[in-house]
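Student: I should like to learn how to read ring contacts and a metal site in a model. Could we work through one together?

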Amino acid sequence: MTDLAPYAASDHNSRGRRYDEDTPPGRSEFQRDRDRIIHSGAFRRLEYKTQVFVNHEGDLFRTRLTHSIEVAQIARSIARRLRLNEDLAEAISLAHDLGHTPFGHAGQDALNVCMKAYGGFEHNLQSLRVVDKLEDRYAAFDGLNLCFETREGILKHCSADNAAKLGDVGERFVKGRRPTLEAQVANLADEIAYNNHDVDDGLRSGLITLEVLETVPLVAAQLNEVRQAYPGLPERRVVHETVRRMINLLVTDLIRQSEANISKHVPATLEEVRGAPALIAYSTEMNEQQRALKNFLRIHLYRHYRVLRMSAKAQRIISNLFDAFMADNRLLPPHFQQQVGSNDTGHLPAFLEKQQESDRARTVSDYIAGMTDRYAIREHRRIFAVEELV
Ligand code: MG
(Lines give C-alpha, C1' and ligand atoms only; values in the text may rest on other atoms or scores of the structure.)
Protein backbone atom coordinates (compact mmCIF):
# COMPACT_ATOMS: atom_id res chain seq x y z
CA MET A 1 0.00 0.00 0.00
CA THR A 2 2.94 2.31 -0.56
CA ASP A 3 1.81 3.36 -3.99
CA LEU A 4 -1.65 4.86 -3.45
CA ALA A 5 -3.15 7.10 -6.12
CA PRO A 6 -3.32 10.76 -5.04
CA TYR A 7 -7.14 10.60 -5.00
CA ALA A 8 -7.26 7.45 -2.86
CA ALA A 9 -8.40 7.72 0.76
CA SER A 10 -5.53 7.54 3.23
CA ASP A 11 -4.61 8.24 6.83
CA HIS A 12 -3.47 11.69 5.66
CA ASN A 13 -6.68 12.90 4.02
CA SER A 14 -9.15 11.09 6.32
CA ARG A 15 -11.68 13.22 8.16
CA GLY A 16 -10.89 11.12 11.20
CA ARG A 17 -12.96 9.60 13.98
CA ARG A 18 -15.79 11.04 16.04
CA TYR A 19 -13.80 10.53 19.25
CA ASP A 20 -10.11 11.28 18.99
CA GLU A 21 -7.79 8.34 19.49
CA ASP A 22 -4.04 7.89 19.28
CA THR A 23 -2.65 6.74 15.94
CA PRO A 24 -2.51 2.93 15.94
CA PRO A 25 1.10 1.71 16.03
CA GLY A 26 1.92 -0.71 13.21
CA ARG A 27 -1.47 -0.45 11.51
CA SER A 28 -3.15 2.08 9.28
CA GLU A 29 -6.36 3.76 10.48
CA PHE A 30 -8.45 1.74 8.01
CA GLN A 31 -6.77 -1.51 9.04
CA ARG A 32 -7.87 -0.71 12.56
CA ASP A 33 -11.42 -0.13 11.30
CA ARG A 34 -11.39 -3.48 9.53
CA ASP A 35 -10.09 -5.22 12.65
CA ARG A 36 -12.76 -3.64 14.85
CA ILE A 37 -15.48 -4.75 12.44
CA ILE A 38 -14.19 -8.35 12.44
CA HIS A 39 -14.20 -8.42 16.25
CA SER A 40 -17.74 -7.02 16.54
CA GLY A 41 -20.70 -9.10 17.69
CA ALA A 42 -22.79 -7.99 14.71
CA PHE A 43 -20.15 -9.42 12.34
CA ARG A 44 -20.28 -12.85 13.97
CA ARG A 45 -24.06 -12.89 13.75
CA LEU A 46 -23.84 -12.53 9.94
CA GLU A 47 -23.01 -16.24 9.85
CA TYR A 48 -26.60 -17.09 10.74
CA LYS A 49 -28.42 -14.51 8.68
CA THR A 50 -30.09 -15.22 5.36
CA GLN A 51 -28.77 -13.88 2.11
CA VAL A 52 -31.48 -15.49 -0.07
CA PHE A 53 -31.77 -18.94 1.44
CA VAL A 54 -32.53 -19.29 5.14
CA ASN A 55 -29.50 -20.66 6.94
CA HIS A 56 -30.99 -24.06 7.80
CA GLU A 57 -31.94 -24.77 4.16
CA GLY A 58 -28.44 -26.05 3.41
CA ASP A 59 -24.82 -25.74 4.45
CA LEU A 60 -23.51 -24.74 1.03
CA PHE A 61 -25.66 -21.67 0.49
CA ARG A 62 -24.25 -18.21 1.04
CA THR A 63 -24.99 -16.49 4.30
CA ARG A 64 -24.48 -12.81 4.96
CA LEU A 65 -21.06 -13.66 6.36
CA THR A 66 -19.74 -15.57 3.36
CA HIS A 67 -21.37 -12.95 1.11
CA SER A 68 -19.52 -10.16 2.94
CA ILE A 69 -16.22 -12.03 2.63
CA GLU A 70 -16.76 -12.48 -1.11
CA VAL A 71 -17.56 -8.77 -1.45
CA ALA A 72 -14.35 -7.92 0.41
CA GLN A 73 -12.31 -10.19 -1.89
CA ILE A 74 -13.71 -8.61 -5.05
CA ALA A 75 -13.42 -5.07 -3.68
CA ARG A 76 -9.79 -5.60 -2.65
CA SER A 77 -8.82 -6.92 -6.08
CA ILE A 78 -10.38 -3.92 -7.81
CA ALA A 79 -8.98 -1.42 -5.28
CA ARG A 80 -5.46 -2.80 -5.68
CA ARG A 81 -5.58 -2.58 -9.46
CA LEU A 82 -6.79 1.02 -9.28
CA ARG A 83 -4.20 1.95 -6.61
CA LEU A 84 -6.97 2.70 -4.12
CA ASN A 85 -6.95 2.00 -0.39
CA GLU A 86 -7.54 -1.76 -0.09
CA ASP A 87 -7.99 -1.61 3.68
CA LEU A 88 -10.82 0.91 3.39
CA ALA A 89 -12.51 -1.04 0.58
CA GLU A 90 -12.25 -4.17 2.73
CA ALA A 91 -13.56 -2.49 5.89
CA ILE A 92 -16.62 -1.10 4.06
CA SER A 93 -17.29 -4.48 2.41
CA LEU A 94 -17.14 -6.42 5.66
CA ALA A 95 -19.42 -3.93 7.41
CA HIS A 96 -21.90 -3.16 4.65
CA ASP A 97 -24.52 -5.72 5.77
CA LEU A 98 -24.12 -5.48 9.56
CA GLY A 99 -27.54 -3.83 9.91
CA HIS A 100 -29.45 -6.51 8.04
CA THR A 101 -32.41 -8.11 9.78
CA PRO A 102 -32.88 -11.88 9.91
CA PHE A 103 -34.48 -13.42 6.78
CA GLY A 104 -32.97 -11.09 4.20
CA HIS A 105 -35.10 -8.56 2.38
CA ALA A 106 -38.35 -10.07 3.59
CA GLY A 107 -37.27 -9.36 7.17
CA GLN A 108 -36.27 -5.81 6.40
CA ASP A 109 -39.52 -5.08 4.54
CA ALA A 110 -41.54 -6.43 7.46
CA LEU A 111 -39.62 -4.39 10.02
CA ASN A 112 -39.97 -1.30 7.86
CA VAL A 113 -43.75 -1.75 7.85
CA CYS A 114 -43.77 -2.20 11.66
CA MET A 115 -41.67 0.95 12.08
CA LYS A 116 -43.68 3.08 9.65
CA ALA A 117 -45.10 5.37 12.34
CA TYR A 118 -41.68 5.68 14.01
CA GLY A 119 -39.38 6.75 11.16
CA GLY A 120 -39.19 3.42 9.29
CA PHE A 121 -36.36 0.92 9.02
CA GLU A 122 -33.53 1.06 6.44
CA HIS A 123 -30.81 -1.58 6.59
CA ASN A 124 -28.05 0.79 5.44
CA LEU A 125 -28.95 3.23 8.20
CA GLN A 126 -29.06 0.33 10.63
CA SER A 127 -25.55 -0.79 9.59
CA LEU A 128 -24.34 2.70 10.47
CA ARG A 129 -26.29 2.57 13.75
CA VAL A 130 -24.55 -0.71 14.61
CA VAL A 131 -21.05 0.72 14.16
CA ASP A 132 -21.89 4.15 15.61
CA LYS A 133 -24.04 3.19 18.56
CA LEU A 134 -25.14 -0.39 19.17
CA GLU A 135 -21.83 -2.24 19.52
CA ASP A 136 -20.81 -2.01 23.16
CA ARG A 137 -17.22 -3.25 23.19
CA TYR A 138 -15.27 -0.14 24.13
CA ALA A 139 -15.05 1.61 27.46
CA ALA A 140 -14.63 5.12 26.10
CA PHE A 141 -17.40 5.31 23.49
CA ASP A 142 -20.51 3.67 22.07
CA GLY A 143 -20.05 1.82 18.79
CA LEU A 144 -16.73 1.15 17.08
CA ASN A 145 -15.64 4.77 16.51
CA LEU A 146 -14.74 4.13 12.86
CA CYS A 147 -13.22 6.68 10.49
CA PHE A 148 -15.54 9.02 8.61
CA GLU A 149 -14.76 7.39 5.22
CA THR A 150 -15.68 3.92 6.49
CA ARG A 151 -18.95 5.17 8.00
CA GLU A 152 -19.78 7.11 4.86
CA GLY A 153 -19.14 4.02 2.73
CA ILE A 154 -21.35 1.85 4.94
CA LEU A 155 -24.20 4.29 4.35
CA LYS A 156 -24.63 3.19 0.73
CA HIS A 157 -28.15 4.55 0.25
CA CYS A 158 -30.20 6.82 2.42
CA SER A 159 -33.45 8.71 2.03
CA ALA A 160 -33.05 12.51 1.85
CA ASP A 161 -35.06 12.96 5.06
CA ASN A 162 -32.86 10.62 7.05
CA ALA A 163 -29.67 11.97 5.46
CA ALA A 164 -30.49 15.46 6.64
CA LYS A 165 -30.63 14.22 10.25
CA LEU A 166 -27.24 12.49 10.07
CA GLY A 167 -24.95 15.52 9.83
CA ASP A 168 -21.62 15.18 8.00
CA VAL A 169 -21.99 11.51 7.09
CA GLY A 170 -25.33 12.12 5.34
CA GLU A 171 -24.19 15.32 3.64
CA ARG A 172 -23.42 13.78 0.27
CA PHE A 173 -27.03 12.66 -0.20
CA VAL A 174 -28.23 16.19 0.47
CA LYS A 175 -25.62 17.89 -1.73
CA GLY A 176 -25.51 15.24 -4.48
CA ARG A 177 -21.83 14.46 -3.98
CA ARG A 178 -19.94 11.17 -4.25
CA PRO A 179 -18.25 9.07 -1.57
CA THR A 180 -14.63 7.85 -1.85
CA LEU A 181 -13.71 5.65 -4.82
CA GLU A 182 -13.19 2.84 -2.29
CA ALA A 183 -16.86 3.13 -1.27
CA GLN A 184 -17.90 3.13 -4.93
CA VAL A 185 -15.80 -0.02 -5.46
CA ALA A 186 -17.33 -1.79 -2.44
CA ASN A 187 -20.81 -0.91 -3.64
CA LEU A 188 -20.28 -2.50 -7.07
CA ALA A 189 -18.33 -5.43 -5.61
CA ASP A 190 -21.48 -6.14 -3.56
CA GLU A 191 -23.53 -6.41 -6.77
CA ILE A 192 -20.95 -8.56 -8.54
CA ALA A 193 -20.82 -10.90 -5.56
CA TYR A 194 -24.56 -11.38 -5.09
CA ASN A 195 -25.51 -11.61 -8.77
CA ASN A 196 -22.99 -14.38 -9.29
CA HIS A 197 -23.40 -16.30 -6.07
CA ASP A 198 -27.17 -16.15 -6.44
CA VAL A 199 -26.78 -17.84 -9.84
CA ASP A 200 -24.68 -20.52 -8.16
CA ASP A 201 -27.03 -20.93 -5.16
CA GLY A 202 -30.11 -20.71 -7.38
CA LEU A 203 -28.86 -23.59 -9.53
CA ARG A 204 -27.79 -25.65 -6.53
CA SER A 205 -31.22 -25.27 -4.96
CA GLY A 206 -32.91 -26.31 -8.21
CA LEU A 207 -35.07 -23.17 -8.16
CA ILE A 208 -33.51 -22.09 -11.44
CA THR A 209 -32.18 -24.30 -14.22
CA LEU A 210 -29.31 -23.85 -16.64
CA GLU A 211 -31.75 -24.11 -19.51
CA VAL A 212 -33.70 -21.02 -18.40
CA LEU A 213 -30.56 -19.22 -17.31
CA GLU A 214 -29.19 -19.51 -20.84
CA THR A 215 -31.65 -16.83 -21.92
CA VAL A 216 -29.37 -14.32 -20.13
CA PRO A 217 -26.68 -13.19 -22.62
CA LEU A 218 -23.97 -12.70 -19.97
CA VAL A 219 -24.41 -16.29 -18.82
CA ALA A 220 -24.94 -17.81 -22.28
CA ALA A 221 -21.68 -16.39 -23.67
CA GLN A 222 -19.55 -17.83 -20.85
CA LEU A 223 -21.46 -21.09 -20.76
CA ASN A 224 -20.92 -21.68 -24.47
CA GLU A 225 -17.22 -20.98 -24.19
CA VAL A 226 -16.89 -23.45 -21.31
CA ARG A 227 -18.84 -26.15 -23.12
CA GLN A 228 -16.78 -25.72 -26.26
CA ALA A 229 -13.46 -25.74 -24.45
CA TYR A 230 -14.38 -28.70 -22.21
CA PRO A 231 -16.85 -31.02 -23.93
CA GLY A 232 -18.34 -33.60 -21.56
CA LEU A 233 -17.46 -31.64 -18.41
CA PRO A 234 -19.83 -32.59 -15.54
CA GLU A 235 -22.57 -29.99 -15.03
CA ARG A 236 -21.46 -28.85 -11.58
CA ARG A 237 -18.05 -27.98 -12.93
CA VAL A 238 -19.61 -26.27 -15.93
CA VAL A 239 -21.59 -24.07 -13.53
CA HIS A 240 -18.60 -23.22 -11.34
CA GLU A 241 -16.35 -22.49 -14.32
CA THR A 242 -19.07 -20.29 -15.87
CA VAL A 243 -19.67 -18.30 -12.68
CA ARG A 244 -15.91 -17.87 -12.19
CA ARG A 245 -15.59 -16.47 -15.72
CA MET A 246 -18.57 -14.15 -15.23
CA ILE A 247 -17.04 -12.64 -12.09
CA ASN A 248 -13.76 -12.20 -13.92
CA LEU A 249 -15.46 -10.56 -16.89
CA LEU A 250 -17.40 -8.09 -14.72
CA VAL A 251 -14.36 -7.22 -12.60
CA THR A 252 -12.14 -6.74 -15.65
CA ASP A 253 -14.70 -4.54 -17.39
CA LEU A 254 -15.21 -2.48 -14.24
CA ILE A 255 -11.48 -1.90 -13.83
CA ARG A 256 -11.02 -0.94 -17.50
CA GLN A 257 -13.97 1.47 -17.57
CA SER A 258 -13.09 3.01 -14.20
CA GLU A 259 -9.50 3.60 -15.35
CA ALA A 260 -10.86 5.36 -18.44
CA ASN A 261 -13.22 7.49 -16.29
CA ILE A 262 -10.40 8.41 -13.92
CA SER A 263 -8.08 9.44 -16.74
CA LYS A 264 -10.86 11.53 -18.28
CA HIS A 265 -11.69 13.44 -15.09
CA VAL A 266 -8.18 13.37 -13.57
CA PRO A 267 -9.17 13.99 -9.95
CA ALA A 268 -6.12 15.43 -8.19
CA THR A 269 -7.44 14.87 -4.67
CA LEU A 270 -10.08 12.98 -2.71
CA GLU A 271 -12.08 16.21 -2.56
CA GLU A 272 -12.23 16.28 -6.36
CA VAL A 273 -13.51 12.68 -6.37
CA ARG A 274 -16.42 13.86 -4.23
CA GLY A 275 -17.34 16.55 -6.75
CA ALA A 276 -16.91 14.34 -9.86
CA PRO A 277 -19.54 12.00 -11.30
CA ALA A 278 -19.36 8.36 -10.16
CA LEU A 279 -16.02 7.23 -11.60
CA ILE A 280 -16.25 3.56 -10.69
CA ALA A 281 -18.54 2.10 -13.33
CA TYR A 282 -19.04 -0.60 -15.94
CA SER A 283 -18.93 0.04 -19.67
CA THR A 284 -22.38 0.73 -21.15
CA GLU A 285 -22.59 -2.75 -22.72
CA MET A 286 -21.58 -4.54 -19.54
CA ASN A 287 -23.95 -2.43 -17.50
CA GLU A 288 -26.83 -3.56 -19.72
CA GLN A 289 -25.74 -7.17 -19.48
CA GLN A 290 -25.45 -7.20 -15.70
CA ARG A 291 -28.82 -5.47 -15.38
CA ALA A 292 -30.38 -8.19 -17.50
CA LEU A 293 -28.92 -10.80 -15.13
CA LYS A 294 -30.23 -8.90 -12.12
CA ASN A 295 -33.66 -8.72 -13.69
CA PHE A 296 -33.60 -12.43 -14.43
CA LEU A 297 -32.77 -13.23 -10.81
CA ARG A 298 -35.53 -10.98 -9.54
CA ILE A 299 -38.15 -12.74 -11.62
CA HIS A 300 -36.91 -16.33 -11.46
CA LEU A 301 -35.26 -16.58 -8.06
CA TYR A 302 -36.31 -13.84 -5.64
CA ARG A 303 -39.96 -14.18 -6.70
CA HIS A 304 -39.95 -17.97 -6.91
CA TYR A 305 -42.96 -19.29 -5.01
CA ARG A 306 -40.76 -21.28 -2.64
CA VAL A 307 -38.70 -18.21 -1.79
CA LEU A 308 -41.91 -16.20 -1.38
CA ARG A 309 -43.37 -18.80 0.98
CA MET A 310 -40.29 -18.53 3.17
CA SER A 311 -40.51 -14.72 2.96
CA ALA A 312 -44.15 -14.77 4.04
CA LYS A 313 -43.28 -16.87 7.09
CA ALA A 314 -40.39 -14.55 7.90
CA GLN A 315 -42.59 -11.47 7.68
CA ARG A 316 -45.10 -13.04 10.04
CA ILE A 317 -42.39 -13.88 12.57
CA ILE A 318 -40.97 -10.35 12.51
CA SER A 319 -44.30 -8.55 12.80
CA ASN A 320 -45.58 -10.89 15.50
CA LEU A 321 -42.44 -10.29 17.54
CA PHE A 322 -42.65 -6.54 17.06
CA ASP A 323 -46.30 -6.39 18.10
CA ALA A 324 -45.71 -8.56 21.16
CA PHE A 325 -42.81 -6.41 22.41
CA MET A 326 -44.63 -3.17 21.74
CA ALA A 327 -47.74 -4.39 23.57
CA ASP A 328 -45.73 -5.43 26.60
CA ASN A 329 -42.07 -4.53 26.81
CA ARG A 330 -41.66 -6.64 29.95
CA LEU A 331 -41.25 -9.53 27.49
CA LEU A 332 -37.94 -8.05 26.28
CA PRO A 333 -34.69 -9.42 27.70
CA PRO A 334 -33.41 -7.27 30.64
CA HIS A 335 -30.73 -5.45 28.64
CA PHE A 336 -33.34 -4.06 26.22
CA GLN A 337 -35.93 -3.51 28.93
CA GLN A 338 -33.56 -1.13 30.69
CA GLN A 339 -33.38 0.94 27.54
CA VAL A 340 -37.12 1.29 27.05
CA GLY A 341 -38.15 1.99 30.64
CA SER A 342 -41.70 1.30 31.71
CA ASN A 343 -44.71 0.63 29.48
CA ASP A 344 -46.75 2.69 31.90
CA THR A 345 -46.08 6.29 30.89
CA GLY A 346 -48.18 7.82 33.68
CA HIS A 347 -49.39 11.37 33.08
CA LEU A 348 -46.93 12.68 30.54
CA PRO A 349 -47.79 15.42 28.06
CA ALA A 350 -48.92 13.87 24.75
CA PHE A 351 -45.81 14.86 22.79
CA LEU A 352 -43.51 13.24 25.38
CA GLU A 353 -45.64 10.13 25.41
CA LYS A 354 -45.33 9.97 21.62
CA GLN A 355 -41.56 10.39 21.86
CA GLN A 356 -41.32 7.62 24.46
CA GLU A 357 -43.33 5.30 22.28
CA SER A 358 -41.10 6.10 19.32
CA ASP A 359 -37.93 5.42 21.36
CA ARG A 360 -39.41 2.17 22.57
CA ALA A 361 -40.18 1.12 18.99
CA ARG A 362 -36.59 1.90 17.97
CA THR A 363 -35.23 -0.29 20.76
CA VAL A 364 -37.56 -3.13 19.80
CA SER A 365 -36.44 -2.69 16.19
CA ASP A 366 -32.75 -2.81 17.26
CA TYR A 367 -33.41 -6.03 19.15
CA ILE A 368 -35.22 -7.68 16.24
CA ALA A 369 -32.77 -6.44 13.58
CA GLY A 370 -29.87 -7.92 15.55
CA MET A 371 -31.42 -11.41 15.64
CA THR A 372 -30.12 -14.26 13.51
CA ASP A 373 -32.64 -16.34 11.54
CA ARG A 374 -32.65 -19.17 14.03
CA TYR A 375 -32.74 -16.87 17.05
CA ALA A 376 -35.82 -15.12 15.64
CA ILE A 377 -37.50 -18.48 15.03
CA ARG A 378 -36.69 -19.62 18.58
CA GLU A 379 -37.75 -16.34 20.16
CA HIS A 380 -41.03 -16.51 18.26
CA ARG A 381 -41.59 -20.02 19.60
CA ARG A 382 -40.69 -18.96 23.16
CA ILE A 383 -43.23 -16.15 23.04
CA PHE A 384 -46.09 -17.74 21.12
CA ALA A 385 -45.92 -21.52 21.56
CA VAL A 386 -47.74 -22.58 24.73
CA GLU A 387 -45.66 -25.78 24.90
CA GLU A 388 -42.52 -23.69 25.44
CA LEU A 389 -41.91 -22.56 28.99
CA VAL A 390 -39.65 -19.56 28.43
MG1 MG B 1 -24.58 -7.05 0.38
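Tutor: We shall take the aromatic pairs, then the charges over rings, then the metal site, bearing in mind that this is a predicted model.

Student: How many aromatic pairs does a search of the whole structure find?

Tutor: Ring pairs are recognised by the distance between ring centres, and they count as stacked if the planes are under 30 degrees apart. In this structure the search finds five aromatic pairs. One of them is Y19 with F141, a stacked pair at 5.9 Å centre to centre with 5° between the planes. Y19 belongs to the segment before helix 1 (29-38) and F141 to the loop between helix 6 (123-134) and helix 7 (148-154), so this contact ties together parts 122 residues apart in sequence. One aromatic cluster is formed by F325, F336, Y367 and Y375.

Student: Are Y19 and F141 buried or exposed?

Tutor: Buried means under 20% relative accessible area. F141, at 9%, is therefore buried, whereas Y19, at 40%, counts as partly exposed.

Student: Which residues lie over the face of Y138 and of Y48?

Tutor: R36 lies over Y138, 4.8 Å from the ring centre. Over the face of Y48 lies R374, at 3.8 Å from the ring centre.

Student: Which protein donors does the magnesium ion have?

Tutor: They are H67 (NE2), H96 (NE2), D97 (OD) and D190 (OD), at 2.1 to 2.7 Å from the ion. Along the chain their spacing reads H-x28-H-D-x92-D. D97, in the loop between helix 4 (86-95) and helix 5 (104-114), and D190, in helix 10 (residues 181-205), are 93 residues apart and link distant parts of the chain. D97 is buried at 3% relative accessible area, and D190 is buried at 5%.

Definitions and conventions. Residues are numbered from 1 along each chain as its sequence is written. This is a predicted model: local features need pLDDT of at least 70, side-chain atom pairs count only at pLDDT 80 or more; totals for chains, interfaces and linings use all residues. Side-chain values use heavy atoms; hydrogens and water are left out. Rings of Phe, Tyr and Trp (its six-membered ring) pair if their centres lie within 6.5 Å; planes under 30 degrees apart count as stacked, over 60 as edge-to-face and the rest as tilted. Helices (H or I, at least four residues) and strands (E, at least two) are DSSP runs, numbered from the N terminus. Buried means under 20% relative accessible area, exposed over 50%, partly exposed in between (1.4 Å probe, protein chains only). A charge sits over a ring if NZ of Lys or CZ of Arg is within 6 Å of the ring centre and within 35 degrees of the ring normal. Donors are N, O and S atoms within 2.8 Å of the metal (3.2 Å for Na, K and Ca); water is not among the atoms, so sites may look incomplete.
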